[in-house]
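Grab a pencil and work through these exercises with the structure open beside you. Try each task before you read the solution under it.

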Amino acid sequence: MKRLYLLHLAMCAAVTLMAQTTVADSAALFLPLIYDTYNTSDSLPAAASASPYKLDAGDGWLREAQQRSQRYESIRYALMLLKPSLVKYNTATLPEPPKEYAIKSDPTKALLTVAPPAIVQPEEKKIEQDAISIRNWLHEFKGSLHFTQAYISGNWYQGGENNMNILGDIEWKCNLNQDAHPNWMFNNTMHYKLGVSTAHGDSLRNYMFNEDNFLFTSQLGYKAVKHWYYSATLNFKTQFFNTYKTNTNDMKASFLSPGELNVGLGMTYSNKSEHGERTFNMAIAPISYNMKICRDIEHLNPTSFGIDAGHRTKHTFGSNLEAKWVINFTPSISWSSRLYTFTNYHYVQGDWENTFSFSITRHLNTQIYAHLRYDKSRPYDEEWKYWQFKEILSFGLTYRFATN
């Protein structure tokens, strides 16, 4: 009688649970019972036990779902204990699943064929993998052609003269890929500027060179700590064309007159922001060799370049510092700068070059170039003393490409 009473209670609880659950949940109660684990009456979950989960938000839905699952498990195991004959299978004696069959039709014979589906073996396809090549050198090229032009008719009320100025700028960088060689740094830059303008004030020439500057820099370093490298630096600069004083054949400069070579040993700091909008590189060389060159001493005075009279070269030792930085304020506005100083502890010379670039389109931009120089080895000037200054405002075309 007691077993029948418990069975009756279990059936009543099942009916109550069905009324509180969805169709999918209640349908599971009528599936064959499968014995999958050992449980005692003490290990059965209690339907009214408190939920161990606590949420900051309302958790009534969680408690209800947990209680429903606990009631289902209690009923299921109560039936197993009270009516073992209802347990048809256990996990070790489950029958094989029914086989699947496919029906094929043959319209020509009006025949249907029932047969197991054909097993299709997957084809093994060999994926050809291209050989991954490491790019050891990264190249960057930038070329620009800027110009200004003015035409003034002969009867213009304010007077004036026609003029045209053209400024060409080529910069090529070849740097060692530090992602492939993290402990090494090898940066090389070649930069050449050539400016040509009409020379109306010169009766001997129709044009003149207002900018002729070739610069090659190289840095070789091995990592010391984080952004610091033991390094060797090289700087070389000269010009290619002859320049003259106005209305005379007196030469002011020519190829390798002047020319300057500097080699230094020291440390280099190199850092780049995560997205590349800011880069900074500074080389400090406490041991530095400097050579000044004046190839054509027949037409030029070497003392104007800091070289002793009658000599084509001058060798000095000292220290130098070179710092370069690029800041991209926006995708269309950038500032690049180079600061270079050398001293042999008797005189100091330095160059500070700044270029502000304002891009209008991808290939059109405006540039402001300012170059401030201090050289105590040159003759003293009453107005500027040992300072020199050059400024160029230009507008024109720019083309660039780079390997990544």
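**Exercise 1. Is Lys 237 buried, exposed or partly exposed, and which residue does Lys 237 form a salt bridge with?**

Step 1. Start with the surface. Lys 237 has a relative accessible area of 21%, so Lys 237 is partly exposed (buried means under 20%, exposed over 50%, partly exposed in between, with a 1.4 Å probe and protein chains only). Keep in mind that this is a predicted model, where local features need pLDDT of at least 70, side-chain atom pairs count only at pLDDT 80 or more, and totals for chains, interfaces and linings use all residues. Residues are numbered from 1 along each chain as its sequence is written, and side-chain values use heavy atoms, with hydrogens and water left out.

Step 2. Look for the partner. Lys 237 forms a salt bridge with Asp 351, and their closest N and O atoms are 3.3 Å apart (a salt bridge is a side-chain nitrogen of Lys or Arg within 4 Å of a carboxyl oxygen of Asp or Glu).

Step 3. Place both ends. Lys 237 sits in strand E9 and Asp 351 in strand E16 (residues 348-359), so this pair links distant parts of the chain, 114 residues apart. Here helices (H or I, at least four residues) and strands (E, at least two) are DSSP runs, numbered from the N terminus.

Step 4. Check the partner's surface. Asp 351 is buried, at a relative accessible area of 3%.

**Exercise 2. How many salt bridges does a search of the whole structure find? Look at two further pairs, Glu 322 with Arg 338 and Arg 68 with Glu 64.**

Step 1. The count for the whole structure is eleven salt bridges.

Step 2. In the pair of Glu 322 and Arg 338, the closest N and O atoms are 2.8 Å apart. Glu 322 belongs to strand E14 (residues 313-330) and Arg 338 to strand E15 (residues 333-343), so the pair ties together parts 16 residues apart in sequence. Glu 322 is buried, with a relative accessible area of 4%, and Arg 338 also counts as buried, at 11%.

Step 3. Some salt bridges share partners: in this way Lys 237, Asp 351, Arg 373 and Asp 375 are joined into one network.

Step 4. Now go to helix H3 (residues 60-82), which holds both Arg 68 and Glu 64, four residues apart, or about one turn of the helix. Their closest N and O atoms are 3.8 Å apart. Arg 68 is partly exposed at 22%, and Glu 64 is partly exposed at 47%.

**Exercise 3. How many strands make up the closed barrel, and how do they pair?**

Step 1. Follow the strands round: E5-E6-E7-E8-E9-E12-E13-E14-E15-E16-E17-E18, a closed barrel of twelve strands with antiparallel pairing. Two strands pair if DSSP finds at least two bridges between them.

Step 2. From one strand to the next, the twist averages 20°.

Step 3. Zoom in on one pair. Strand E8 (residues 207-225) and strand E9 (residues 228-238) run antiparallel and are joined by eleven bridges. Phe 216 stands opposite Phe 236 in E9.

**Exercise 4. Which residues line the largest cavity?**

Step 1. Get the size first: the largest cavity has about 60 Å³ of space. A cavity is a set of points on a 1 Å grid over the protein atoms alone where a 1.4 Å probe fits but cannot get out, and lining residues have an atom within 4 Å of a point.

Step 2. List the lining: Leu 215, Asn 235, Lys 237, Glu 260, Asn 262, Arg 338 and Tyr 340. E9, E12 and E15 are the elements that give two or more residues to this lining.

**Exercise 5. Where does the cis peptide bond from Ser 257 to Pro 258 lie, and which phi does Asn 247 have?**

Step 1. Recall the background: most residues other than glycine have a negative phi, and most peptide bonds are trans.

Step 2. The bond from Ser 257 to Pro 258 is cis, with omega near 10°. Pro 258 lies in the loop between strand E11 (251-253) and strand E12 (259-272).

Step 3. Asn 247 is not a glycine, yet has a positive phi of about 60°. Asn 247 is found in the loop between strand E10 (243-244) and E11.

Conventions
Axes fitted to C-alpha atoms, helices over the stretch in contact; angles between N-to-C directions. 1 Å grid on protein atoms, 1.4 Å probe; cavity = no way out; pocket = protein on both sides within 12 Å on 5 of 7 lines; lining within 4 Å. Points joined across faces, edges and corners; volume = space filled by probe spheres on them.
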